[in-house]
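Me: I would like a close look at a single part of the structure shown here. Please start from one residue and work outward.

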Amino acid sequence: MFISRKSLSRSVHDEHQEQPELVETRGGNLCTSVTVWRKSLIVTCKGFTVIDSNGNLVYRVDTYVGGRPMELFLMDGSGKPILTMRRSTNLRLVGTWLIYGGEVGEFCTSEKPVFYVKKSINILNANSNVLAYVYRRSSDKRYAYVIEGSYSHRSCKVLDETKRVVAEIRPKDALKRGISFGLEVFVLIVQAGFDPGYAMGLVLLLDQMFS
């Protein structure tokens with residue numbers, strides 16, 4: 001797969017830097033659509049490569065550690081970390097990942113997570129369609145977002161408290177020369193108002209939880 005590098009995306013937190021382009025859907029809504037390739041650009045790494053509708057590299061993940069990593073970094077196209085995702089070691093937060101803005105050191109205790117993402121345990125949840133809950137604080141009883149669907153089928157939705165879909169994972173269903181893209185390449189659609197970087201961070205955590 002050829003990936004153009006002519007216009008690299010920068011940090012999702014820097015308003016002066018380029019972000020994935022907003023496009024208008026048939027219904028008139030603005031959204032960002034990117035193609036996610038479940039493969040690192042570095043041969044010796046596992047990870048993800050994300051390109052926009054113009055073929056520009058916007059996000060990347062390169063993981064050197066095998067097995068179940070304790071920490072992940074979402075980078076922009078130039079390799080600058082924009083999100084740090086860390087598996088919680090707190091026994092009260094079993095099955096929870098913490099999302100921080102930017103690059104956070106291993107022993108940093110001053111930074112506050114932006115989100116807490118907790119995997120849903122089906123035996124405790126009447127709705128088996130729920131994959132994970134997203135909280136703004138660890139003490140919150142009410143979630144900010146809920147993720148529903150099936151990651152194994154690359155069919156998931158991120159919904160806010162009003163049940164409005166803010167992001168969606170869909171299979172890349174187009175066929176080229178009779179060869180399907182399969183599960184390794186899929187589409188991430190993010191509605192205007194929700195940060196595409198955070199949406200991609202949630203994709204990474206779903207991959208850790210359900211792959």
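Between which two strands is the loop in which Arg-154 is found?

Reply: Arg-154 is found in the loop between strand 10 (145-150) and strand 11 (155-160); helices (H or I, at least four residues) and strands (E, at least two) are DSSP runs, numbered from the N terminus. The model is predicted, so local features need pLDDT of at least 70 and side-chain atom pairs count only at pLDDT 80 or more, while totals for chains, interfaces and linings use all residues. Residues are numbered from 1 along each chain as its sequence is written, and side-chain values use heavy atoms, with hydrogens and water left out.

Phi of Arg-154 is near 55°, a positive value in a residue other than glycine. Most residues other than glycine have a negative phi. Arg-154 is buried, at a relative accessible area of 5%; buried means under 20% relative accessible area, exposed over 50%, and partly exposed in between (1.4 Å probe, protein chains only). Lys-163, in the loop between strand 11 and strand 12 (165-171), likewise has a positive phi, of about 70°. Lys-163 is partly exposed, with a relative accessible area of 45%.

On the other side of the first loop, strand 10 pairs with strand 9 in the antiparallel sense over four bridges (two strands pair if DSSP finds at least two bridges between them). Val-130 stands opposite Glu-148 in strand 10. Strand 9 also pairs with strand 8 (residues 115-119), again antiparallel and over four bridges, and there Lys-118 stands opposite Tyr-133. Six of the six residues of strand 9 (residues 130-135) are buried, so strand 9 is largely enclosed by the rest of the structure.

Next, the packing. The largest nonpolar core (buried Ala, Val, Leu, Ile, Met, Phe, Trp, Tyr and Cys residues joined through side-chain atoms within 4.5 Å) has 41 residues, and Ile-147 is among those with the most contacts inside it. Helix 1 (residues 196-210) gives the largest share of this core, nine residues. Apart from this core lies another, of 11 residues, among them Tyr-116, Tyr-133, Tyr-135 and Leu-159. Leaving aside residues up to four places away in sequence, Ile-147 touches residues including Val-130, Cys-156, Val-158, Leu-202 and Leu-206, where contact means heavy atoms within 4.5 Å.

Ile-147 also lines the largest cavity, as do Cys-156, Lys-157 and Val-158. On a 1 Å grid over the protein atoms alone, a cavity is a set of points where a 1.4 Å probe fits but cannot get out, and lining residues have an atom within 4 Å of a point. There is one cavity of 30 Å³ or more, and about 50 Å³ of space lies in the largest; grid points are joined across faces, edges and corners, and a volume is the space filled by probe spheres set on the points. Strand 11, strand 12 and helix 1 are the elements that give two or more residues to the lining, with helix 1 giving the most, four residues. The lining divides into 10 nonpolar residues, no polar and two charged: Ala, Val, Leu, Ile, Met, Phe, Trp, Tyr, Cys and Pro count as nonpolar, Asp, Glu, Lys and Arg as charged, and the others, Gly among them, as polar.

Methods:
On a 1 Å grid over the protein atoms alone, a cavity is a set of points where a 1.4 Å probe fits but cannot get out, and a pocket is an open set with protein on both sides within 12 Å along at least five of seven lines; lining residues have an atom within 4 Å of a point.
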